[in-house]
Amino acid sequence: MEWASQLCENRGLGSKMTDSKYFTTTKKGEIFELKAELNSDKKEKKKEAVKKVIASMTVGKDVSALFPDVVNCMQTDNLELKKLVYLYLMNYAKSQPDMAIMAVNTFVKDCEDPNPLIRALAVRTMGCIRVDKITEYLCEPLRKCLKDEDPYVRKTAAVCVAKLHDINAQLVEDQGFLDTLKDLISDSNPMVVANAVAALSEIAESHPNSNLLDLNPQTINKLLTALNECTEWGQIFILDCLANYMPRDDRESQSICERVTPRLSHANSAVVLSAVKVLMKFMEMLPKDLDYYGTLLKKLAPPLVTLLSAEPELQYVALRNINLIVQKRPEILKHEMKVFFVKYNDPIYVKLEKLDIMIRLASQANIAQVLAELKEYATEVDVDFVRKAVRAIGRCAIKVEQSAERCVSTLLDLIQTKVNYVVQEAIVVIKDIFRKYPNKYESVIATLCENLDSLDEPEARAAMIWIVGEYAERIDNADELLESFLEGFHDESTQVQLQLLTAIVKLFLKKPTETQELVQQVLSLATQDSDNPDLRDRGYIYWRLLSTDPVAAKEVVLAEKPLISEETDLIEPTLLEELICHIGTLASVYHKPPSAFVEGSRGVQHKRLPARAGSIEYVYPMYSSHQQRAALATAVYLVHLQPQHFYLQPLATSVDISKICSFCHYTSCINSPGLAATTCYFSGSYVNIFSNCKVLEIPSIIPLISSAFIHWKHFIHFSFLYQPGGRTEVQSPQPSSDYSERELGGDIGGSPSMGAGLGAAPAAMPASLGGAPAVGGGLGDLFDLGGGVGMPTGSYVAPKTAWLLAMKAKGLEISGTFARRGGIIQMDLSLTNKAMSVMTDFAIQFNRNSFGLAPAGPMQVLTPLSPNQTIDVSLPLSMSGPVMKMEPLNNLQVAVKNNIDVFYFSCQYPLSLLFVEDGKMDRQVFLATWKDIPNDNEAQFQIKDIHLNSDVASNKLQGSNIFTIAKRTVEGQDMLYQSVKLTNGIWVLAEMRIQTGNPNYTEMELSIKCRAPEVCQFVYQCYELVLKN
Amino acid sequence: MIGGLFIYNHKGEVLISRVYRDDIGRNAVDAFRVNVIHARQQVRSPVTNIARTSFFHIKRSNIWLAAVTKQNVNAAMVFEFLYKMCDVMSAYFGKISEENIKNNFVLIYELLDEILDFGYPQNSETGALKTFITQQGIKGQHQTKEEQSQITSQVTGQIGWRREGIKYRRNELFLDVLESVNLLMSPQGQVLSAHVSGRVVMKSYLSGMPECKFGMNDKIVIDKQGKGGTTDDPVKSELGGSGKQSIAIDDCTFHQCVRLSKFDSERSISFIPPDGEYELMRYRTTKDIILPFRVIPLVREVGRTKLEVKVVIKSNFKPSLLAQKIEVRIPTPLNTSGVQVICMKGKAKYKASENAIVWKIKRMAGMKESQISAEIELLPTNDKKKWARPPISMNFEVPFAPSGLKVRYLKVFESKLNYSDHDVIKWVRYIGRSGIYETRC
């Protein structure tokens, strides 16, 4: 026994210094040796063995086989050994629950130990053992410990309640631990208070509606007192908790602020940031003319600047937060530009963040300094940083008009460096500058053209092409330049192709005589040789425009473009407010609401603005930060002409002026109704306009769409599903007189902001369409294809939503939806490869779920997915998978594998997926069943803003297998009795009341009864989805 | 809250792995290794999100410390905790190295169990921890009941950073005012940004529970006193503070022993200090900074293959004072083939591996000037990208505080024990060092 002899030597030396030997590689039969050692009589030997076990555990070896032997060592008065055994227990108890019971006695005994350290250790460890039987035994000791005389034990017990709650929430409630925990807020010891606050906050988070943290002025006062006395960590817990409180009036708000401000001088940055959070939030309530308000603003700047002298990681957190604060209250840091100047040795993440803030703070007063700095940065080494710096120069030009000229000349200097990526970046921003200041800087075009050959990035190429097209009349050889691009047309990215098409059409309209051949060439390339629907569609539009009415074409294609806004990258205000409530936390680092990255119920509550934030979420996780901003600023509009491609392709993948531009084309195109209609007839298809009101920051566009809307009602499915939140009021036209309800299948009018779907004329609806989509929340709201009306045979299909984001899945992006088509359940997926390499070997698997959904066959992705390619897959699903109740009920956890890795995501399917076709119940059975189901199982819901009469409604519902069995009219109310059957045989009965007397019958009342009441909520959601589409 | 804490060596092998939350699986350990430690690209953010799990990491020499969570935790707190964790470990076993971590892994687990409960940081003051987490194994069985409750009351108490019953034969304290002066200067000599970040580090060897009061030439305090007409400054001479000038402090932060509410209301700094060495406060000033050195660069490109560099440094402080450890670092292009240097003072050397000329001067008195000139020969290259011309940086140490901060007094009161403020031996030292002291060329 080699190591044993080693041990003897070591003991002589003092074994403490040589623990590293436990990390040495294992030999065969080690477990055996350890076993013998663990059962040795010698204490010292035992301890050494346990240490060895722990070391093995650390490096990931499975030493669970030693469980009984290790647990045997637990009965010891040596605390170090005890702690080691506990550590082992915490790791393996879950896998050996029966054995773990052996430890209970010792735990319970230890909880009575005279030494408070041991009592606390026992209760602390017990809480970490997630074994039901142990948990049961935990209750009594925990109750005692919560009232222990020693504060150390009480503070440990307070946290233990949170642990227990995580294992068994019901038990905690039943045992009344929550009340005891609440009492601890009044404890005399500040640390006990802090831990109780932390535990309560955590428990409250998973019970959004509970009144657990009943914060009132008295408790707030207690917390503020404890704040002065507890450890730095405790201060953080308390401040974070305070931030959730809503003061009753401005006076209370001010008095809390006054007591929190001293924390700004704490050495711990987290204390400072949490204090900033409280102040930023409560400041909202203070009247702006109050002296104190001004004082407070002044007090906030210095500590924020001080955070920048912390370690780089903390600087990063601070900078991400300052970025939010600067957007919310620019006045705080407006004089502090210099501290954000980049230092040569800053880590790259600090540099990039500083740059971002510099641009935000740039103003006329400091622009000279900023520009000088940016020019320095543009010569640095890191490519990303340099690019961002160049882009920043362009942004300064757009933001501060006085500086535009200097910026342009700086950019030209940079172009002279001939550094490839600098040149490309500069061209992209110069394009923006042209847009902002038309007819001012076009003299530089010649310089730009010189660099045409060196551009190899699509964005830069597209920008350059846009410039050439836009200013074709000033560039003598514009046709030659564009022609040179045309040679490799099919090798270009879509972005470049689209831009080239538009540019050549512009050129043609400006110089028709010389370029006829060129335009023919590009149109045929785009329409005949391309399989990209976007390109083809745009090609067709131009073609028909040009062939029908060149004058109108000119009006359309060369229409005046709206000016671009200077603040295009601001975080959407509702999200910003939510993020301000999360200062210091991960949400503020990611600039995403917690629900975007936290699983389960925790953190899903939106602070302050609960209803609206859901829609933003979608856009946010999808793109990286600058793209997100672009998504907001750039129009997400697309005209699709091909019915086969009835899916939304958000254009907003990058800042691209050309997209706004092409959008303008289309809207103005629509504005000349005759032509547009012709175009549409010619192509024999439908046009969908997908609109996102968030992006309607270009006010002039709205009337354009609206007027187009009138003329195009037969062809356009138009949905404004995202309400602009009071920022941009969307005016929609009233349905014109020739508009008939019947023709459109009954679903008409209504408030456009709620998603007035104008159904297409059913006769023209191609059969291939199958289902009609519905509002599924989030960005899905943005479009409505075909409307569920007039298609009673298909249930609705929600638009695809992003399930897996490229940034989280090594470039694989998955969006999808669920559909039920003729009794077959399908999962429709779009797989997009946003990585650099080809993806192959796709496979899919589901976790157990509430209704046993499982793939009916393997996922068929036949060809490898090359970069930037998207494949649509329909996966038939069966209901034969293993069942496990999920939270929420309709949650589905999916694993998708490819040659790179396995990725996990979860999505929620509409319950209507499970509504079977033979769900029509016999009337008598219905009556009997209705009576039979206890009234407790009945759930009441209201559906508002529905403009349907009962017939239309029941027709719509039938499309989703919600069957109306009977109808009667009582006192001006239509009562519909409906039944639904789920795939697992559960019946759901419903009674729906619709006011018939009122022509605006906007409200429906729904009573749902089911033996499994938990499904009611989800059935109601289906009703709402179906009826609102 | 923090779901787990891992420590890796540079190869990505796990040295310590402690999981606090059920939502963190064993695969999290590997996820971090694969996606961050073994990532091909340089780390672009200290926070990484992998499969809905967030990883916070810091590095100490070649050791990675990572905290992992699935919740919306307080990110600033997590980093502060990781730094604190490093402090605690260093206090126990010195440098954070693979060897030390392996040697002390049992101790580290014990510490992690104590200072992080269910992911919530608990008292992590080494002073307190050392009373009951000891390298010799806990003395649990030998403690008396009083000792035990003394430990727990200290760990949870209001003065968690100091234990009772400390006794010294000689009551003594040392104050170090350590400043780092940062400068970014344009080639033309214009100050682009300059600030001093300073620290007051105290070593206290005082008996009992002394109540201390610290005073410096803070403009706000001096002005207030001036207004009140109390020109009588009892401690003016005590620590050699001149009290003539006052300085404007932009912001300061304090060790948790300082009563912040008192500072907020009266701007007085009062506290019961921890025993031994700790950082009392940090501060930052931006006004009226004494820049100890001025660097005047002159770079001339002679054709495509030659650069001429001339750098003059001027010292700008009292002639009686001496600056030490002066080092000027002049970056050279990557395609440098040879360098000839002539300097008036000190030694200068071209270090090819660092792409810089390093000029070292041992000592230099105030109001002096020195110069270096160099000829740099370049290899002709096709590289279109221009040389980025990194700034010339400087290092030095001066025996005064560039911010102008002066300690006015540090009073010690201990009512229970029989020593008075006068019996305490007090030492003050000022050291100004260069932070990032750069001049663009």
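## A tour from a buried asparagine to an exposed loop

Begin by selecting Asn115(A), which counts as buried at 3% relative accessibility. In this predicted model, Asn115(A) belongs to the loop between helix H7 (104-110) and helix H8 (116-127) of chain A, and its side chain reaches the backbone nitrogen of Leu117(A) at 2.9 Å.

Turn next to the aromatic rings, which form 32 pairs over all chains. Select Tyr168(B) and Tyr205(B), an edge-to-face pair whose centres are 5.7 Å apart and whose planes meet at 80°. Because Tyr168(B) lies in the loop between helix H6 (145-156) and strand E8 (172-185) of chain B, while Tyr205(B) is in strand E9 (residues 191-205) of that chain, the pair ties together parts that are 37 residues apart in sequence. Tyr168(B) is partly exposed, with a relative accessible area of 28%, and Tyr205(B) is likewise partly exposed, at 27%.

Staying in chain B, select Phe6(B), Tyr8(B), Phe32(B), Phe55(B) and Trp64(B), which ring pairs link into a cluster. Then show Lys406(B), which lies over the face of Tyr430(B) at 5.9 Å from the ring centre. For a similar arrangement in chain A, select Lys440(A), whose charged end sits over the ring of Tyr437(A), 5.5 Å from the centre of that ring.

The next stop is empty space: a search of the whole structure finds 17 cavities of 30 Å³ or more. The second largest has a volume of about 160 Å³, and to find it one can select Tyr344(A), Glu376(A), Glu380(A), Pro391(B) and Arg440(B), which are the closest to its centre of the 14 residues that line it. By class, this lining has 7 nonpolar, 1 polar and 6 charged residues.

The last stops concern backbone geometry in chain A. Most residues other than glycine have a negative phi, and most peptide bonds are trans. Select Glu887(A) and Pro888(A), which are joined by a cis peptide bond with omega of about -10°; Pro888(A) is found in the loop between strand E11 (870-878) and strand E12 (891-897) of chain A.

Lys810(A), in the loop between strand E6 (801-804) and strand E7 (812-821) of chain A, has a positive phi near 50° although it is a residue other than glycine, and it is partly exposed, with a relative accessible area of 34%. Finish at Asp841(A), where phi is also positive, at about 55°, in a residue that is not a glycine. Asp841(A) is found in the loop between strand E8 (824-833) and strand E9 (843-846) of chain A, and with a relative accessible area of 52% it is exposed.

Note on methods:
Residues are numbered from 1 along each chain as its sequence is written. Chains are lettered from A and ligands numbered from 1 in the order in which they are written. This is a predicted model: local features need pLDDT of at least 70, side-chain atom pairs count only at pLDDT 80 or more; totals for chains, interfaces and linings use all residues. Side-chain values use heavy atoms; hydrogens and water are left out. Rings of Phe, Tyr and Trp (its six-membered ring) pair if their centres lie within 6.5 Å; planes under 30 degrees apart count as stacked, over 60 as edge-to-face and the rest as tilted. Helices (H or I, at least four residues) and strands (E, at least two) are DSSP runs, numbered from the N terminus. Buried means under 20% relative accessible area, exposed over 50%, partly exposed in between (1.4 Å probe, protein chains only). A charge sits over a ring if NZ of Lys or CZ of Arg is within 6 Å of the ring centre and within 35 degrees of the ring normal. A polar contact is a pair of N or O atoms within 3.5 Å; within protein, one must be able to donate a hydrogen and the other to accept it, and residues adjacent in sequence count only if both atoms are side-chain atoms. On a 1 Å grid over the protein atoms alone, a cavity is a set of points where a 1.4 Å probe fits but cannot get out, and a pocket is an open set with protein on both sides within 12 Å along at least five of seven lines; lining residues have an atom within 4 Å of a point. Grid points are joined across faces, edges and corners, and a volume is the space filled by probe spheres set on the points. Ala, Val, Leu, Ile, Met, Phe, Trp, Tyr, Cys and Pro count as nonpolar, Asp, Glu, Lys and Arg as charged, and the others, Gly among them, as polar.
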